Amino acid sequence: MTVQRILGYSSTSLLLKVLCCVLSCCCVDLSHALASPVSDRAVALNNMKFPRTWVPLASTHELDPDRPTPVEFLGQKFATYRDNDGNWVVFDDACPHRLAPFSEGRVDRETNRLQCSYHGWEFNSEGKCTGIPQMTKEMQEQVPAKRSCATTYPAQVVKNILFVWPWEEDCLSVLDNPNALPEGILKGLPEDSPTYTRDLPYGWDTLVENLIDPSHVPFAHHGMQGKRTDAIPINMTVPVDKGEEGFSFEWDDRTMGMIRSGSGEFRAPYLVNYDAKFLTETPRPFRLSALCIPTKPGWSRGIIMTWKTEDNERADKESMSQTELELLAKQKKKKKKK
């Protein structure tokens, strides 16, 4: 059943009600994530009623593999780099010695070690302290191993997105939940999407709501993704509520002078995904995916994943029936003969 109204009035209210229902399952109180000693931040993170999933942190397209880059999730600060074995490593962004940020340190490629910028302590990819310049080798051997170790986290890269497991629970505890795994979170997306990332001065819920609101495009993105004269009443269906998994909807609008029609989904808690077409004489695909990450109080990160032409063609073919595929093949043959 279609509700034809200008989004920003009743359609937005409807979407927000469903979104609030989904987010209420997460119950994120970001006030506990304010700056505090690293151990307190870790405790605060694990006390949050946020879904236990692998967490997307960044696009590896936009990370410098040769320096420890700062990244955040729910107030917890991390530093990440790629070691000499080609693996991305995620540390707490705090040296165990004096809590200096590792993100201000350096990666020593000769030793394959992360070096703190304050006193030069060095750590291997597992977080073990392998060098303290101010101590003899004999003295270092007497230092309690736990006190000198940095905290590291399980990490993996799927479709060029760096994921971390920041929770106290074992990461194997979600093996039977595909929606908590990187492959499930990014299901259906291309293997190698171009990305661009923005860290935004507003919360995660606002970011999600913005991405499912096409009525802002003609104005907020005038001259880039649309123009002001594109603004028309938006057709949008009542969202299909999928509980903690999110919701889906269908919509059509106008952008750059072309009618656009298709479906969208919020795959809780991170992904907003659009699959649509421009209804031109020869329909053109429009696909866009965005990861929405709560980074710290009042801030969020959006990782936009765009689709290449070949990815769109592949997705179109996968959605075609056998008859449609045969018709497409015949059309291509005719074009070659001409």
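**Close-ups of a predicted model**

**View 1. Cys116 and its closest cysteine partner.** Start at the sulfur of Cys116: the closest cysteine sulfur belongs to Cys95 and sits 3.9 Å away, which is too far for a bond. Keep in mind that this is a predicted model. A disulfide calls for two cysteine sulfur atoms within 2.5 Å, so the 3.9 Å between Cys116 and Cys95 doesn't make the cut. Is Cys116 buried or exposed? Cys116 counts as buried, at 4% relative accessibility.

**View 2. The same pair, seen from Cys95.** Swap ends and the story holds: the sulfur of Cys95 has its closest cysteine sulfur in Cys116, 3.9 Å off and too far for a bond. Cys95 is buried too, with a relative accessible area of 2%. How many disulfides turn up in a search of the whole structure? The count is zero.

**View 3. The middle of the largest pocket.** Now for some empty space: the largest pocket has a volume of about 800 Å³. Its lining is made of 30 residues, and those nearest the centre are Tyr196, Gln225, Phe286, Leu288 and Ile304. What sort of residues are they overall? The lining splits into 17 nonpolar, eight polar and five charged residues.

**View 4. Who builds the wall of the largest pocket.** Several elements pitch in with at least two lining residues each, among them helix 6 (204-211), strand 13 (195-200) and strand 20 (299-306). Strands 16 (246-255), 17 (258-267) and 18 (271-278) also supply at least two each. Which strand gives the most to this lining? That's strand 19, with five residues.

Definitions and conventions. Residues are numbered from 1 along each chain as its sequence is written. This is a predicted model: local features need pLDDT of at least 70, side-chain atom pairs count only at pLDDT 80 or more; totals for chains, interfaces and linings use all residues. Side-chain values use heavy atoms; hydrogens and water are left out. On a 1 Å grid over the protein atoms alone, a cavity is a set of points where a 1.4 Å probe fits but cannot get out, and a pocket is an open set with protein on both sides within 12 Å along at least five of seven lines; lining residues have an atom within 4 Å of a point. Grid points are joined across faces, edges and corners, and a volume is the space filled by probe spheres set on the points. Helices (H or I, at least four residues) and strands (E, at least two) are DSSP runs, numbered from the N terminus. Ala, Val, Leu, Ile, Met, Phe, Trp, Tyr, Cys and Pro count as nonpolar, Asp, Glu, Lys and Arg as charged, and the others, Gly among them, as polar. Buried means under 20% relative accessible area, exposed over 50%, partly exposed in between (1.4 Å probe, protein chains only).
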